[in-house]
Every structure is written in structure tokens, then in C-alpha cells.
Amino acid sequence: MGFFQRLFRKVEEVNKGEAAVAELEAEMYVESSEEEAMNYWLEMAQKIIVNSVKATGNSVDRAFILIDMGKNPSFDVFYQQDGKLVMWNELEDAEVKEKIANQLLPQAASVASAVNGNFEQTGLPAIAYAQMQFEWATKAWFSHTIREDEERTKIEKDEMLHKWFEFLSKEIQTAAIDSDAKLPWYP
């Protein structure tokens, strides 16, 4: 979160009586470019999650997204609905599938370019893959990144997607849908 966002948020909290005036001083710092790049990524990740869930009309228990930020950027989205995992294109509602296909998925290239462009400008290793999950009941969301300088980037996207889907298919059988805890990643 940028300097002005933090400051204005704290001013609002003070105005509402939710924070003391003395707390304003704690927000008076400028982040490093690395922190700004990470915050930009987190803001982008949150928007992707929100849009993935909104596209379904908030009709899912959990959402999972694998983002390939490599040479051929893509979003792979699947959901927990009625106790099972389904890929976005297996959802029953044709309108929902159309929204995902035409509005969400085409954003992958611009997201990868913007996020990794910021990372490269600051000297941070680019993100090769990102895995995200969201739990509707608690509104909890989690993100896991694999950077280009990690050995795990050698795993093909299809393998990562299928293994993660397979792990989660088993895990959701025992995980409460209001657990407020992240489920496993692959790898």
C-alpha cells in the first residue's frame, strides 16, 4: 500500500474514532521500491481473486487460481462448489463461464507484464507461477508464489495444475469450508 493510501486510511480511522491521533505518525514513512512492487502484486492478486469469485455471482465455497506468469501467461481457475472441485469451464451457468472466458482470463498477459515489470525494475526475481485460494465463508485468501530463480519453475504448468487440483480434491473432503486456513500448494 502506498504512502498516501496508508495515510488517508489512518486519517479516516482517526476521524471515526477507531484510532488515536498519535497513530498517524506511524504511517509517515515511504516504502522502498521492493516493498512497493510486493504491495502492487498483493493488490493485483486480491483483485484477481475478487473478480474470480464475483464472476460466479458469489456462488462458490472456495476459489483457486494458478497464474502462469512466464512466456505464455494464463489464469487457470477452479472452484469448490457443492463439496467438489470443478474447473471454471465445467460450471453449469453459461453466463458465468462467458464472464470468466471473456473478462477474467484475457487479463493474464497484462497482469504478468505489469507485476513482473515492477519486480524487474527493482531487481527482484520475477514471479513464474502464483497460486491463490479464497474461502467464501471467512473471506480469507492466501497466495503462494514461485519465483523465476527457484528450482520449482522447471515444473510444467499442466503438471502443477493437475497435481494441485488432485491434492485439493482430497483435501476438501475433510477441510471445513469455514476453516480460515490455507489448503496445500503444489509443489
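**View 1. The buried side of helix α2 in this predicted model**. Here we look at A37, N39, W41, M44, A45, I48, I49, S52 and V53, the residues of α2 that are buried (under 20% relative accessible area with a 1.4 Å probe, protein chains only; over 50% is exposed, and partly exposed is in between). An α-helix has 3.6 residues a turn, so residues three or four places apart point the same way. The cover over these residues includes β1 (62–68), β2 (74–81), α3 (94–104), α4 (108–122), β4 (127–135) and β5 (140–147). Helix α2 itself covers residues 33–54, 22 in number, and spans 31 Å from first C-alpha to last, close to the 32 Å expected at 1.5 Å a residue (that is, 1.5 Å times one less than the number of residues). Helices and strands are DSSP runs, H or I of at least four residues and E of at least two, numbered from the N terminus.

As the model is predicted, local features need pLDDT of at least 70 and side-chain atom pairs pLDDT 80 or more, while totals for chains, interfaces and linings use all residues. Residues count from 1 along each chain as its sequence is written, and side-chain values use heavy atoms, with hydrogens and water left out.

**View 2. The largest nonpolar core**. This one has 31 residues, and W41, I67 and Y79 have the most contacts inside it. A nonpolar core here is a set of buried Ala, Val, Leu, Ile, Met, Phe, Trp, Tyr and Cys residues joined through side-chain atoms within 4.5 Å. Two or more residues each come from α2, β1, β2, α3, α4 and β4, and α2 gives the largest share, seven residues.

**View 3. What surrounds I67?** Skip the neighbours within four places in sequence, and I67 is in contact with W41, I48, S74, F75, A128, Y129, A130 and M132 (contact means heavy atoms within 4.5 Å). Two of those names, A128 and Y129, turn up again in a second, separate core of 18 residues, which also includes I155 and L168.

**View 4. T122 beside the start of α2**. T122 sits in helix α4 and, at 18% relative accessibility, counts as buried. Leaving out residues up to four places away in sequence, T122 touches S33, E34 and A37. The C-alpha atoms of T122 and E35 are 9.4 Å apart, although 87 residues separate the two along the chain.

**View 5. Two aspartates with positive phi**. D82 is not a glycine, yet has a phi of about 55°; this residue belongs to the loop between β2 and β3 (84–87). Is D82 buried or exposed? At 70% relative accessibility, D82 is exposed. D180 shows a positive phi too, about 60°, again without being a glycine. D180 falls in the segment after α5 and is partly exposed, at 47% relative accessible area.

**View 6. The cis peptide bond at Y186 and P187**. Going from Y186 to P187, the peptide bond is cis, with omega near 0°. P187 lies in the segment after α5 (157–171).

**View 7. Stepping back to the protein chain**. Five helices and five strands make up the count, in the order α-α-β-β-β-α-α-β-β-α from the N terminus. The C-alpha atoms fill a box of roughly 50 × 35 × 30 Å along the principal axes, and 40% of the 187 residues are buried.
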